[in-house]
Number of protein chains: 2
Amino acid sequence: MPGLLLVVSGPSGAGKGTVCNLLRAREPQIWYSISATTRPPRRGEVAGRDYLFVSAEEFEDLIARGAFLEWARVYGHYYGTPRAPVEAALQEGKDVLLEIDTQGALQVKNKYPAAILVFLLPPSLSELQARITRRGTDTEEAIRARLEAASAELAHIYAYDYAVMNDDVEEAVRKIQAIMVAEKCRVGKGG
Amino acid sequence: MPGLLLVVSGPSGAGKGTVCNLLRAREPQIWYSISATTRPPRRGEVAGRDYLFVSAEEFEDLIARGAFLEWARVYGHYYGTPRAPVEAALQEGKDVLLEIDTQGALQVKNKYPAAILVFLLPPSLSELQARITRRGTDTEEAIRARLEAASAELAHIYAYDYAVMNDDVEEAVRKIQAIMVAEKCRVGKGG
């Protein structure tokens with residue numbers, strides 16, 4: 001039986017990174033997909049652990065070769081999920097976690113209808129603003145662009161299977177773990 | 001928001017009673033529907049706690065008045081779920097547990113597509129036979145009839161939302177609890 005393809009997504013600032021890190025700590029058997037990107041590393045990010053950092057030329061070459069499960073250009077940078085390692089892990093029966101934005105999540109659902117899409121909801125727009133500002137890595141203009149995009153992204157929630165409110169990280173992770181258990185009990189799953 | 005209507009069903013001998021009793025102990029807020037029946041009480045069964053024991057005349061009168069959410073005649077006896085108390089509990093936002101046979105479960109799903117149907121799987125047909133025989137309340141003929149019915153009932157599994165293998169009661173209950181958590185995160189649930 002192939003593994004679950006679990007997509008944790010949601011607007012920028014919803015807390016995807018924090019939730020996915022705790023989920024990986026709680027469920028260490030999950031195979032975590034490392035995204036490729038052309039954006040420069042943020043402080044503390046490690047190549048090959050947080051992202052595969054590649055040049056725009058390399059990225060476009062990979063697109064042309066159909067090497068991405070999903071990809072997007074966001075705020076001038078490319079982000080993408082390399083396809084081959086995800087498919088290999090699923091075939092080996094491993095559960096796979098993708099932490100991607102809402103554009104990417106919908107591309108994955110189109111290609112793999114069996115993918116389980118979890119939309120992580122920020123507790124409120126004001127909390128979202130606080131989180132994005134607190135990160136301190138963006139210019140004022142970038143923050144405003146992210147906030148506008150986040151509001152627009154909320155409309156994508158209806159294409160998702162599940163919505164999890166991230167007002168408490170522990171609780172959000174417990175809910176995602178329950179979703180994984182439940183999905184493995186689904187009748188006709190994978191068939 | 002109305003509560004979840006959780007239907008735990010499966011063939012005779014799958015362990016519905018044991019699983020539901022433990023689930024009720026773990027989730028005491030669940031509202032448990034007491035079925036009405038015309039069969040005589042088994043040893044240890046208490047009227048109003050295990051079943052509402054009624055006469056065939058009373059039962060047929062209730063059918064005529066549309067008072068059942070589902071009902072069936074099995075091995076010569078009527079069984080049914082009184083409708084009004086279930087609807088009242090759901091409207092109050094309570095989660096409701098029905099422990100019913102597969103015929104009844106499909107009737108409930110037809111009337112309430114939002115109902116969550118869990119099919120409890122006996123670990124094997126030989127274990128099923130052992131459980132039915134061990135119960136010691138049935139004649140040899142009744143046991144054979146139950147086993148044949150149980151095999152036929154397995155075909156209904158594809159109309160269910162979830163299948164849970166009952167080879168370990170604790171594990172089965174944990175899975176049903178996870179299903180409840182996940183269903184409350186479903187997008188568009190109740191809407």
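Here is a short chat between a student and a tutor about a predicted model with chains A and B.

Residues are numbered from 1 along each chain as its sequence is written, while chains are lettered from A and ligands numbered from 1 in the order in which they are written. Since the model is predicted, local features need pLDDT of at least 70 and side-chain atom pairs count only at pLDDT 80 or more, though totals for chains, interfaces and linings use all residues.

Student: Let's start with chain A; how many helices and strands does it have?
Tutor: We go by DSSP runs, numbered from the N terminus: helices are H or I with at least four residues, and strands are E with at least two. Counted that way, chain A has seven helices and nine strands.

Student: Why is chain A as compact as a globular protein of its length?
Tutor: The radius of gyration is taken over C-alpha atoms, and the globule rule is 2.2 Å times the number of residues to the power 0.38. For 191 residues the rule gives 16 Å, and chain A is close to that, so it matches a globular protein of that length in compactness, with a radius of gyration of 16 Å.

Student: What percentage of chain A's residues count as buried?
Tutor: A residue is buried if 20 or more other C-beta atoms (placed from the backbone) lie within 10 Å of its own, exposed if 12 or fewer, and partly exposed in between. Of the 191 residues of chain A, the buried share is 35%.

Student: Which residue of strand 6 in chain A stands opposite A:Trp71?
Tutor: Strands pair if DSSP finds at least two bridges between them. Strand 5 (residues 68-74) and strand 6 of chain A do so in the antiparallel sense over six bridges, and they form a hairpin with two residues between them. Strand 3 (residues 36-37) of chain A also pairs with strand 6 (residues 77-82), antiparallel over two bridges, with A:Ala36 opposite A:Gly80. The residue opposite A:Trp71 is A:Gly80.

Student: Is A:Ile30 buried or partly exposed?
Tutor: You'll find A:Ile30 in the loop between helix 1 (16-26) and strand 2 (31-32) of chain A. Because A:Ile30 has 19 C-beta neighbours inside 10 Å, it counts as partly exposed.

Student: Now for both chains: what kind of axis relates B to A?
Tutor: Copies are superposed by least squares on the C-alpha atoms of residues with pLDDT of at least 70 in both. Chain B lands on chain A after a rotation of 179° with 0.0 Å of shift along the axis, at an RMSD of 0.0 Å. That relation is the one of a two-fold axis.

Student: Which residue of chain B comes closest to the rotation axis?
Tutor: Going by C-alpha atoms, the distance to look for is 2.2 Å. The residue of chain B at that distance is B:Ala178.

Student: Which helix gives the most to the side of chain B that touches chain A?
Tutor: Residues are in contact if their C-beta atoms, placed from the backbone, lie within 7 Å, and 17 residues of chain B are in contact with 16 residues of chain A. Strand 9 (162-165) and helix 7 (169-185) of chain B each supply at least two residues of that side. With six residues, the one giving the most is helix 7 of chain B.

Student: Why do we say the copies meet through the same surface?
Tutor: We compare the interface residues of chain B with those in chain A. The copies meet through the same surface because the share of chain B's interface residues that are also interface residues in chain A is 94%.

Terms used: Contact = placed C-beta atoms within 7 Å.
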